[in-house]
Amino acid sequence: MTRTILTNATFYTGEDFEASSGSLAIDGGVISEMGDMVAAQPGDDTIDLEGGHVIPGLMDAHCHLIYRDVADPYDIELRKSIPEATIDAVVNAEILLRAGFTTVRDVGSRGNIGVEVRNAVARGDARGPSIHPAGQILSGPGGLADFHPTHVFEDRPYRYGLGVQVIGPHEARATIRRQLKDGVAWIKVGVSGTGFNPLCPAERNGLSEQEFAAVMSEAKYQGVPVAAHAESAESVRAAAFHGAQTIEHGIYIDDESLELMVRNNVTLSPTLSMYRAFAVRGGSMGIPSVIVDQHKRTHERHAASVRRAHEAGVPIVAGGDAGLTHFPQGSCAEEVVSYIEIVGMSPKEALRTITVNIARLLGVSDTVGTIDVGKRADLLALRDDPLRSPQCLQDQDRKILVMSGGERV
Ligand SMILES: [Zn+2]
């Protein structure tokens, strides 16, 4: 089998991103050798990276593959049919891979699109990152993913939306088992509302305590991890108390929640850049003003919560929640810069949130997330040094090469 040799670059290796200069050999899709002594042999395919910098492939812990050129829930759920949303997801998967994202977690889809795109990529029928999908978001009436006024759909839940409505603990449990049958790797649940849904703002709790407790208990019983969308103080506390694997957004995190998060090893997935984009430039992004105003109201609280979580040692993962017109798929890379500027992370800490920390969360750190001998060759080569100029992660023109399993994308 032909080896590939990447040469003339700085490789950021291991969890500490130790700089290693020289070359890196890839054999059978796996990193087989690194360092000054690696020499190309006849028959090797050698790629000169001209002094570039190589990091592990990027990851996105909060992705919705179906989000493409959308501004509000109407765009996501009603403007587009399921076939259109499916094509969007396939196109987005390839966009993400070309932007250097080799692994993503899809935290909410229509139909069962996330699962199907994962399978298509795994079969080699579509190009994209390795996908860890949830299904439709578990939500209650008047909750996170109940986006339309009561007079629409005659008070019956819309079947083809981003959410699936559950009423009571039994439905919550049954929905989890059905989603597992349909192939999900994660359960996504809307514990609170969001500024993105003016009918259920951030401070409102979208499920009853009994419903959410049932979700957590069934998921634990079935051994499937839970991503809990939680913005209100009560929802964050409940998610931390029950030990959800991740809290998504976490706008209001109080002292008690922080303690519970640390004790129960809960990871925070803030999607800070997307929420900041809504608050700061939502108007020019074409986002409805009712949504922009909600985010202006909560942004400072959100930033303060993420800072405190980081100081308390809560693991943080980068999530994009991207796919809007002026916040396209791949914008998750902005999260690294936000963590340095707003949260006070060092560049290495911030780079870990988009690689190492997500690999650990997804249970795949044996194979991906760092550059080490024996790891899968999921790599991103950049012209600039991302530890000095982290904004280069957002600049497609500064990317030299993306590799997925040793294959050049
Ligand atoms: Zn989301």
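The following paragraphs lead through a predicted model, beginning with its domains and moving on to its sheet, its core, its helices and a few single residues.

The domain assignment divides the chain into domain 1, made of residues 4-56 together with 369-408, and domain 2, which covers residues 58-362. Taken over C-alpha atoms, the centres of domain 1 and domain 2 are separated by 31 Å. Where the two meet, 19 residues of domain 1 are in contact with 20 residues of domain 2. On the side of domain 1 that touches domain 2, the strands β4 (45-56) and β15 each supply at least two residues, and the largest share, 3 residues, comes from β15. Sorted by class, that side of domain 1 has 9 nonpolar, 6 polar and 4 charged residues.

A sheet comes next. It is an open sheet of 7 strands, arranged in the order β3-β2-β1-β4-β14-β15-β16, and its pairing is mixed. The edges are taken by β3 (30-35) and β16 (407-408), each of which has a single partner strand, so that one side of each is left without a neighbour in the sheet. Further in, strand β1, residues 4-13, pairs with β4 in the parallel sense over 7 bridges, and within this pairing T10 stands opposite H53 of β4. Strand β4 also holds E50, which has a positive phi of about 50° although it is not a glycine. Most residues other than glycine have a negative phi. With 11 other C-beta atoms within 10 Å, E50 is exposed.

From the sheet we can turn to the interior. The largest nonpolar core has 120 residues, and V54, I187 and V215 are those with the most contacts inside it. Both domain 1 and domain 2 give residues to this core, so it lies between them. In soluble globular proteins, nonpolar side chains tend to be buried together. If residues up to four places away in sequence are not counted, V54 touches L6, A9, T10, F11, Y12, L49, I371, L379 and A381.

Another buried residue to look at is V189, which has its place in strand β10, residues 187-190. V189 counts as buried because 35 C-beta neighbours lie inside 10 Å of it. Leaving aside its neighbours within four places in sequence, V189 is in contact with I137, L138, F212, V215, V226, A228 and H229; V215 is also one of the residues with the most contacts inside the largest nonpolar core. By contrast with these contacts, V189 and E407 are 35 Å apart in space, C-alpha to C-alpha, and 218 residues apart in sequence.

Strand β5 (58-63) leads on to the helices. In β5, 6 of the 6 residues are buried, so this strand is largely enclosed by the rest of the structure. β5 pairs with β6 in the parallel sense over 4 bridges, and the bridge partner of C63 in β6 is D106.

Helix α2 takes in residues 82-98. At 1.5 Å a residue, its 17 residues should span 24 Å, and the end C-alpha atoms are 25 Å apart, which agrees. Buried in α2 are A85, T86, D88, A89, V90, N92, A93, L96 and L97, and the buried residues of this helix pack against β5, β6 (101-106), α3 (113-123) and β15 (399-404). After α2 comes G100, whose phi is positive, near 100°.

In helix α3, the buried residues are I113, G114, V115, V117, R118 and V121. What covers them includes α2, β6 and β7 (130-133). A glycine follows this helix as well, namely G124, with a positive phi near 90°.

A last residue to look at is D321, found in the loop between α9 (289-311) and α10 (334-343). The phi of D321 is near 55°, a positive value in a residue other than glycine. D321 counts as buried, with 29 C-beta neighbours inside 10 Å, whereas E50, which also has a positive phi without being a glycine, is exposed.

How values were computed
Residues numbered from 1 in each chain as written. Predicted model: local features only at pLDDT ≥ 70, side-chain atom pairs only at ≥ 80, totals over all residues. Core = buried A, V, L, I, M, F, W, Y, C linked by C-beta atoms within 7 Å. Buried ≥ 20, exposed ≤ 12 C-beta atoms within 10 Å, placed from the backbone. Domains from an automatic or database assignment. Contact = placed C-beta atoms within 7 Å. Expected span 1.5 Å × (residues − 1). Nonpolar A, V, L, I, M, F, W, Y, C, P; charged D, E, K, R; others polar. Pairing = 2+ DSSP bridges.
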